Amino acid sequence: MDEGAFDGVRVVELAQWVFVPVAGALLADWGADVVRIERREGDPYRGLATQGIGTDGGGINLSVALANRGKRCIALDLSCERGRAVLDELLATADVFLTNFRPGALHRLGLDADTLREKHPRLVYARGHGYGVRGPDADLPGYDSSAFWARGGMAHVLTPPDREEPIGQRGALGDRNGAMALAFGIASALLHRERTGQGSTVDVSLLATAMWMLSSDLLAALQGARPRAAAGRESSPNPLVGSYRTKDGRHIQLVFLQGDRYWADFCELLQRADLAADPRFTDMAARHENRVACAEELSAEFAKRTFDEWKDLLARIDAPWAPVQAVEELLDDPQVVANGYVGEVDADGLSYRLPAVPVQFDERGPRLRRAPEHGEHTESVLLELGHSWEQIAELKDAGVVL
């Protein structure tokens, strides 16, 4: 694909932190002109110190770089009439308005969906939020660790039953998954507009994102069952599904869902003809009945070889398994490298790597571009809107723009 899928699409983004800005970055990856509106004091995410990749990273703020790559940025005071007028000028050129401001704030600014879609019928109005746009908590602030992780059930099902406190969430886990859903919704709304000429309102919440990710547990609950918290291999009905500890303390994940299909070949690989002939393990039903004994036999086998030895051995069988890798091992994983799942940004003599968007077109990922500095494109965007240099200087002197 020589052109990006969203070339010619302008997105005006009024958002902060991670969830919704990442959706904008995904659209920018594939060619959209994403004009990011930041307050004069900047997005508070720019000042967040986290995991040594934020403002505490000692160089490029990789957190901001990932959430805002490929965009342009204008710093604007929306609390004054002239600032709102500039935003109105931008919205008149926009295909998409993307926001995570809460309903009350949007209404006060005259940026609610009904108002904007009445002015701009072709506008795709996209919003990400914590808890949905209806109900008693629609106007509550929602971060991924609250709306997604805690209230959405994720912490509960992933915390081992014997642990007193819920496990902590990895950084922005819900935000980035919600962003994928929001970008998909925007793409769908743009296709709908192409066919009908009408814009749509797109909504994605962190709460709904968690529920979608826990669909299997939700299905169980809908049938009247009480979904169990995360448990180990010993509770699995199939001992051929689960992780096994190697001689050097690493783990291999087996996913032999069709156990009868793989059992004989697996036993041959292990040079354990006795296991294949053992009536306790002869088929799925027998292995289920004797799952503890089967798991013990396999545990003993896995304890005989190192992690690397198991990877070499299992490479000889056409069956689903995987090494349980550390995150840092992903960086040099041959599949990650071959498919370009980590991209590189080259800008102003600096080079750094970022996770690439999972979507590829024609077997290629997008060219990653750097994130903008706070207010970096204020002047160029205003010039595009028809403002003269004198008018821009006046707006700066009045504190409307940075």
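Biologist: Okay, so two strands pair if DSSP finds at least two bridges between them. Which residue in β5 is the bridge partner of leucine 98?

Modeller: That's alanine 126. The strand names come from DSSP runs numbered from the N terminus: strands are E runs of at least two residues, and helices are H or I runs of at least four. One thing up front: this is a predicted model, so local features need pLDDT of at least 70 and side-chain atom pairs count only at pLDDT 80 or more, while totals for chains, interfaces and linings use all residues. Residues are numbered from 1 along each chain as its sequence is written, and side-chain values use heavy atoms, with hydrogens and water left out.

Biologist: Got it. How many bridges link β4 and β5?

Modeller: There are 4, joining β4 (residues 96–99) to β5 (residues 124–129) in the parallel sense.

Biologist: And what order do the strands of the sheet follow?

Modeller: They go β3-β2-β1-β4-β5-β6, in an open sheet of 6 strands with parallel pairing. At the edges sit β3 (72–75) and β6 (201–205), each pairing on one side only.

Biologist: Which strands does helix α3 lie across?

Modeller: Helix α3 (residues 81–91) crosses β1 (10–14), β2 (33–38), β3 and β4, and runs at about 150 degrees to β1. Angles like that run from 0 to 180 degrees between N-to-C directions, using axes fitted to C-alpha atoms, for helices over the stretch in contact. Contact means heavy atoms within 4.5 Å.

Biologist: New topic. Which residues have the most contacts inside the largest nonpolar core?

Modeller: Val11, Val96, Leu182 and Ile186, in a core of 43 residues. Such a core is a set of buried Ala, Val, Leu, Ile, Met, Phe, Trp, Tyr and Cys residues joined through side-chain atoms within 4.5 Å. Buried means under 20% relative accessible area, exposed means over 50%, and partly exposed is in between (1.4 Å probe, protein chains only).

Biologist: Which helix gives that core its largest share?

Modeller: Helix α1 (residues 19–29), with 7 residues. It's mostly covered, too: 11 of its 11 residues are buried. Just after α1, glycine 31 takes a positive phi of about 105 degrees.

Biologist: What about valine 96, what does it touch beyond its neighbours within four places in sequence?

Modeller: Its contacts include Val9, Val11, Leu123, Ala126 and Ile186.

Biologist: How many disulfides are there?

Modeller: The count is 0, with a disulfide taken as two cysteine sulfur atoms within 2.5 Å. For cysteine 73, the nearest cysteine sulfur is that of cysteine 80, 16 Å away. Cysteine 73 is buried at 0% relative accessibility, while cysteine 80 is partly exposed at 24%.

Biologist: And how many salt bridges?

Modeller: There are 28. Each needs a side-chain nitrogen of Lys or Arg within 4 Å of a carboxyl oxygen of Asp or Glu. Take arginine 193 and aspartate 95, at 2.9 Å, N to O. Arginine 193 is in helix α8 (residues 173–196) and aspartate 95 in the loop between α3 and β4, so this pair ties together parts 98 residues apart in sequence.

Biologist: Are those two residues buried or exposed?

Modeller: Arginine 193 is buried at 10% relative accessibility, and aspartate 95 is buried at 15%.
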